[in-house]
Amino acid sequence: MMEKTLAEYREEKCRSITENLHRIQDEVAEAAIMSGRSPEEVRLMAVTKTVDAYFVNHALSEGVDLIGENYVQEILQKRPELNLEGKELQLIGHLQTNKVRQIITQVDAIQSVDSVKLAKEISKQAQKNNLTMKILLEVNIGEEDSKSGIPYDGAMDLAAEIASMEGLQIEGLMAIPPICETETEVRSYFARMNKLFIDIKGKKLDNVSMNTLSMGMSADYVPAILEGANLVRVGSSIFGARIYN
Ligand SMILES: *Cc1c(COP(=O)(O)O)cnc(C)c1O
């Protein structure tokens, strides 16, 4: 067998990304309608961790307008190669307090705010740079030790505390539910998140917009939408399995 050339490999992979995107966009739209909303009300984020800038740019050229990255170092390296005009890049991975300074001007939002300490640092660095950072509060919905996120029960109080900080705006909530055996089970986590989202929204706190409920990944974006997600974060179903070096 002849080795594939780089050009052939790229062409094939781009074709598959395009196909995947169209399929997922259709499924997202359908789920939005099934949940009583219009397709425009649910955003698809393409999660691009470990994905080569070449293929991220392909997805962006195919109409993706929101990408999510996990690692500060990877963002700093990849961002100059990305065609991000008119597009948004958001951080979805765990953020260490000492890295906030490096990332504050490089992303449009931080979805993974999981402590008061981190929020304080974002507030400080945002003010230094004269900007308002959009943030989501990450909720540890399954109360798993292995996951970061604020506890479900304390979320309301933490939202109020963090909302009082300058230089940031709480835009919503993010969650990664535990691995579940059944769709019924995962839907119950998503439903609880939606309840919290609606409860916090109802409080009408200053500096809290509660526009975004970010939940659902490759394995479960449809049930997430059916339970109220309006932003789903999909990686491997678009780009294929991730290869970590
Ligand atoms: C990697 C990642 C995703 C995407 O996961 P897939 O299963 O590949 O779709 C979504 N959200 C977060 C927070 C992630 O780290």
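**Close-up 1. The largest pocket of the predicted model and its lining.** A residue counts as lining a pocket if one of its atoms lies within 4 Å of a grid point of that pocket. By this criterion 29 residues line the largest pocket, and those nearest its centre are Lys-147, Ile-176, Met-217, Arg-233 and Arg-242. The space in this pocket comes to about 670 Å³, and its lining is made up of 13 nonpolar, eight polar and eight charged residues.

**Close-up 2. The ligand and the shell of residues around it.** The ligand sits in the largest pocket, where the residues surrounding the ligand include Val-47, Asn-70, Ile-92, Ile-176, Met-217, Val-234, Gly-235 and Arg-242. Sorted by class, the shell around the ligand comprises five nonpolar, four polar and three charged residues.

**Close-up 3. Polar atoms of the protein beside oxygen atoms of the ligand.** In the side chain of Ser-218, an N or O atom is 2.5 Å from an oxygen atom of the ligand, while a polar side-chain atom of Lys-49 lies 2.8 Å from a ligand oxygen atom. At Ser-236 the atom concerned belongs to the backbone, an N or O atom that lies 2.8 Å from an oxygen atom of the ligand. Of the 390 Å² that the ligand exposes when taken alone, the protein buries 90%.

Note on methods: Residues are numbered from 1 along each chain as its sequence is written. This is a predicted model: local features need pLDDT of at least 70, side-chain atom pairs count only at pLDDT 80 or more; totals for chains, interfaces and linings use all residues. Side-chain values use heavy atoms; hydrogens and water are left out. A residue is near a molecule or strand if one of its heavy atoms lies within 4 Å of it. A polar contact is a pair of N or O atoms within 3.5 Å; within protein, one must be able to donate a hydrogen and the other to accept it, and residues adjacent in sequence count only if both atoms are side-chain atoms. Accessible areas come from the Shrake-Rupley method with a 1.4 Å probe; for residues, only the protein chains shown count as cover. On a 1 Å grid over the protein atoms alone, a cavity is a set of points where a 1.4 Å probe fits but cannot get out, and a pocket is an open set with protein on both sides within 12 Å along at least five of seven lines; lining residues have an atom within 4 Å of a point. A molecule sits in a cavity or pocket if more than half of its atoms lie within 2 Å of its grid points. Ala, Val, Leu, Ile, Met, Phe, Trp, Tyr, Cys and Pro count as nonpolar, Asp, Glu, Lys and Arg as charged, and the others, Gly among them, as polar. Grid points are joined across faces, edges and corners, and a volume is the space filled by probe spheres set on the points.
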